[in-house]
Every structure is written in C-alpha cells, then in structure tokens.
Amino acid sequence: MERLLASANSIAKPVVGSPAPWFKAHVLDVNPQYSFHTVAGRVVVLFFMGSGIASEVKSAHDMLIRDADRFDDRQCCFFGIITDPDAEPAGRIKTRLPGIRYFLDEDRAVSAHYGACQEGSELYEPYVMVLDRQLRVAGRFLIRDSQAALVLADTLIGEGAPEDWAPVLLIPRVFDGTTCNRLINIYDADGGEDSGFMREVGGKTVSVIDHGHKRRSDVGIKDQKLCKMLGARINHCVRPVIHRAFNFDATRMERYIVACYEASVGGHFRAHRDNTTMGTAHRRFAVTINLNDDFDGGELRFPEFGTRTYRPPPGGAIVFGCGLLHEATPVTRGRRYAFLPFLYDDAAAAQREANNQYLGEGVGAYRQ
C-alpha cells in the first residue's frame with residue numbers, strides 16, 4: 001500500500017474537503033495576532049484580494065459584503081486578505097463588526113499558504129474560498145464566480161442541525177457522591193483563585209487573565225492521598241473507555257484542581273483549544289467531571305459540530321480531544337463545580353519535558 005504524504009500541512013493549495021491551514025495574522029483594527037482557528041463553528045468566506053486595487057477585485061469585494069447581515073459572526077463571517085494596506089482609500093477596507101474583517105498579509109505568507117501566490121513571485125491570483133464550520137474547504141471560486149461562493153455559503157449556513165454529535169465520550173459514575181462533596185468542600189474552604197488561560201507571548205507559554213475570555217476560579221488539591229485516589233478512579237473508569245473508543249492508552253494525568261464557574265461573576269470560558277501552545281502541546285484528552293447539578297448554564301459546546309450542548313451528571317465525565325474547539329457557556333444560576341484534568345501518554349510526556357524550556361514564570365505550577 002502506498003504511504004500517504006508525510007504531512008497534510010505540506011499541501012500548498014488546499015483542496016475541497018481538506019482542512020484549511022491555521023495561521024496567526026494581523027486583523028486590521030482588531031488584533032495584531034488573531035488566531036484563525038478560533039473562527040470555527042461558523043461558515044467562513046475568505047477573499048484573497050492581494051493589493052485590492054484591480055477593478056474586478058473591487059467589484060467582487062463590494063458584491064460579497066453588500067449584504068452585511070449575512071456576516072453576523074454567529075453563523076457566518078467574512079475575511080478579506082490584503083497585501084498592501086495603503087493601496088486603498090482610507091475607510092474602504094475597514095473592519096465592520098460583527099462579521100467583516102481583514103487580514104493584513106504584507107509578507108504574503110498566508111496567501112502563499114493558501115495558494116494565492118508563490119514565494120518569490122510577483123504574480124497573485126485573487127480568489128474566494130468558502131470554509132464549513134469545521135474549517136474544511138467547501139469551495140474555491142475565481143472572482144468572476146463570487147456570487148456562486150455566496151450561494152454555497154448560504155447553503156452551508158442552512159446545514160447542521162443541533163442534533164449533530166461531537167466526537168466526545170460521556171462516562172457516568174466516575175466519582176461517587178461522597179467524593180464530589182469532598183471536592184466541593186475543599187474549594188469552598190479555600191475560596192479559589194482567579195485562573196487564566198495559556199497563550200504564547202514572546203516565544204513563551206504564559207498564563208493570561210482576561211475576564212472577557214474566561215472567568216473561573218480554581219483550587220489545587222494538595223492532599224496527595226486524595227490525588228492518588230482520584231487518579232485511580234480515572235485510571236479504572238476513564239482510561240479503558242478512551243482506549244476502546246480511540247485506541248489510545250492514557251497513561252499520564254495533568255492537574256488536580258477543583259474549578260468553579262459562578263453565576264454572580266458571569267463564570268464562563270469562551271471557545272478555545274487546549275493544546276495550541278508549546279507548554280500545552282502534549283495534552284491529548286481533556287476530562288470534565290461535574291461535581292454538582294444545582295446550577296443553570298455552564299454546559300460544554302463544540303462549535304465545529306453544531307449547537308448541541310453537553311452536561312455530564314454529577315460524578316460523570318465528558319472526555320474529548322484537546323484539539324477540539326470548545327467553550328463553557330456562562331453559568332446563569334448558582335455555582336458549577338468541576339474536576340478538570342488532562343490526559344496524555346508516555347510519548348507525550350517526552351514532548352512535555354522537551355517543551356518545558358518554553359514555559360513562562362509560574363506556568364509549570366499551574367500545569368500540575
């Protein structure tokens with residue numbers, strides 16, 4: 001049997017059905033380091049405009065964004081990719097929220113990755129690409145066929161019922177009621193500390209506090225006997241199910257924490273992935289074990305796979321791959337308590353060790 005290409009990322013020009021390459025780039029007026037992968041869960045229209053000065057490019061651009069209501073950031077969004085920010089009159093190429101943004105691609109790196117140009121060449125091929133909510137290529141269109149791109153986008157918007165099921169596992173009865181209450185009491189006795197999220201800054205993985213993105217408090221479990229017992233429950237109840245479903249042997253566990261999302265402060269965690277920094281790249285599976293059920297909201301959602309939400313019963317676990325985009329919806333009543341470890345294997349442990357050099361101050365302790 002012929003072997004596949006060594007890396008899917010080696011494909012220079014994405015083809016229909018293939019995942020669109022991820023990248024970070026400057027979004028005008030918004031964010032100098034916008035992570036493209038976070039737009040998953042919506043239909044995406046990408047317009048590779050080049051300098052944007054050609055008359056046919058201007059016409060296609062104006063046609064594409066004429067119905068701005070289509071790009072509501074809930075079901076659909078538009079990104080223009082421009083290589084020369086000074087070529088257009090001021091105000092014509094301007095971010096319009098929600099839904100209409102422009103990547104500044106002065107070095108043409110993004111354009112080259114998507115096949116709109118070749119490195120070292122002055123030639124540029126403007127085109128429109130439509131991505132589905134999993135950021136897979138659904139269609140590629142010459143600019144004269146831009147209207148067909150919108151037709152496809154509208155078709156995709158209408159696809160995908162809330163009944164779609166993300167590739168997650170629901171595992172009941174991991175912890176019993178006594179264990180759940182014990183962990184809640186540990187949190188309540190301490191009160192919790194505001195927890196951040198991981199981000200790459202200056203080549204280091206650092207913890208960032210941004211209540212617009214995440215609002216949660218955590219308590220680290222210091223009782224080693226209790227940690228050993230919790231690890232044993234994961235080993236006996238979760239590890240075999242992961243092996244059966246995904247043919248992966250989760251031999252390592254990271255973090256023994258009790259987390260709390262509280263309604264009074266708008267507890268939530270916006271859409272993110274758990275393995276996108278050097279300090280977290282070793283993570284393979286995330287585990288969410290709810291400890292109580294007397295709260296509203298606070299459910300898990302996987303935008304790439306629809307609007308369905310997931311909520312394990314007290315003591316039950318939701319398990320999913322760390323590469324999946326997911327969010328914890330706002331808690332609207334009460335407090336949601338949860339035990340939130342990550343699982344990986346021996347090979348990933350070597351990766352973790354090698355990447356320790358990229359950890360910022362204090363992050364090593366946070367990862368335990």
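In the predicted model, helix H1 (residues 55–64) packs with helix H3 (residues 146–157) at an angle of about 25 degrees, and their axes are 10 Å apart. H1 is therefore roughly parallel to H3, since angles under 35 degrees fall into that class. The contact involves Ala60, Met63 and Leu64 on the H1 side and Ser146, Gln147 and Leu150 on the H3 side. The crossing of H1 past H3 is right-handed.

A second helix pair is formed by helix H4 (residues 177–190) and H5, whose axes cross at roughly 140 degrees and come within 13 Å. H4 is therefore oblique to H5, because the roughly antiparallel class takes angles over 145 degrees. The crossing of H4 and H5 is left-handed. From H4, the residues in contact are Thr179, Arg182, Leu183 and Ile186, and from H5 they are Leu226, Met229 and Leu230. An α-helix has 3.6 residues a turn, so residues three or four places apart point the same way. Of the H5 residues in this contact, Leu226 and Leu230 also appear among the buried residues of the helix.

Helix H5 spans residues 224–246 and is bent by about 35 degrees at Val238. A proline, Pro240, follows the bend within four residues. Val238 itself is buried, as are Leu226, Cys227, Leu230, Gly231, Ile234, Cys237 and Ile242 of H5. At the start of the helix, the backbone nitrogen of Lys225 has a side-chain oxygen of Asp223 within 3.0 Å. Just after H5, the backbone of Asn247 adopts a positive phi of about 55 degrees.

Several loop residues have notable backbone geometry. In the loop between strand S4 (76–82) and strand S5 (100–104) is Pro98, which is joined to Leu97 by a cis peptide bond with omega of about 0 degrees. Leu135 belongs to the loop between strand S6 (127–131) and strand S7 (137–142). Its phi is positive, near 60 degrees, although Leu135 is a residue other than glycine. The relative accessible area of Leu135 is 2%, so this residue is buried. Arg255, in the loop between strand S14 (252–254) and strand S15 (257–262), is likewise not a glycine and has a positive phi of about 80 degrees. With a relative accessible area of 5%, Arg255 is buried.

Another arginine, Arg216, is placed in the loop between strand S12 (214–215) and strand S13 (217–220). Arg216 is buried, its relative accessible area being 4%. Its side chain makes a polar contact of 3.3 Å with the side chain of Tyr261.

Thr83 is located, like Pro98, in the loop between S4 and S5. Its relative accessibility is 12%, so Thr83 counts as buried, the limit being under 20%. A polar atom of the Thr83 side chain is 3.3 Å from the backbone nitrogen of Ser51. Apart from residues up to four places away in sequence, Thr83 touches Gly50, Ser51, Asp105, Glu106, Arg108, Ser111 and Tyr124.

Ala40 lies in the loop between strand S2 (31–35) and strand S3 (43–50) and is buried, with a relative accessible area of 4%. Beyond its neighbours within four places in sequence, Ala40 is in contact with Leu135, the buried residue of positive phi described above. The other residues in contact with Ala40 are Arg133, Arg273, Pro303, Glu304 and Leu325. Between Ala40 and Thr309, which are 269 residues apart in sequence, the C-alpha to C-alpha distance is 16 Å.

Met278, in the loop between strand S16 (268–272) and strand S17 (285–290), is partly exposed, with a relative accessible area of 32%. Excluding residues up to four places away in sequence, Met278 touches Glu200, Thr205, Asn355 and Tyr358. The C-alpha atoms of Met278 and Arg199 are separated by 9.2 Å, and the two residues are 79 residues apart along the chain.

Technical notes
Residues are numbered from 1 along each chain as its sequence is written. This is a predicted model: local features need pLDDT of at least 70, side-chain atom pairs count only at pLDDT 80 or more; totals for chains, interfaces and linings use all residues. Side-chain values use heavy atoms; hydrogens and water are left out. The bend at a residue is the angle between axes fitted to the seven residues ending there and the seven starting there. Helices (H or I, at least four residues) and strands (E, at least two) are DSSP runs, numbered from the N terminus. Buried means under 20% relative accessible area, exposed over 50%, partly exposed in between (1.4 Å probe, protein chains only). A polar contact is a pair of N or O atoms within 3.5 Å; within protein, one must be able to donate a hydrogen and the other to accept it, and residues adjacent in sequence count only if both atoms are side-chain atoms. Axes are lines fitted to C-alpha atoms, for helices over the stretch in contact, and angles run from 0 to 180 degrees between N-to-C directions. Angles under 35 degrees count as roughly parallel, over 145 as roughly antiparallel, 65 to 115 as roughly perpendicular and the rest as oblique. A crossing is left-handed if the near helix is turned anticlockwise from the far one by less than a right angle, and right-handed if clockwise. Contact means heavy atoms within 4.5 Å.
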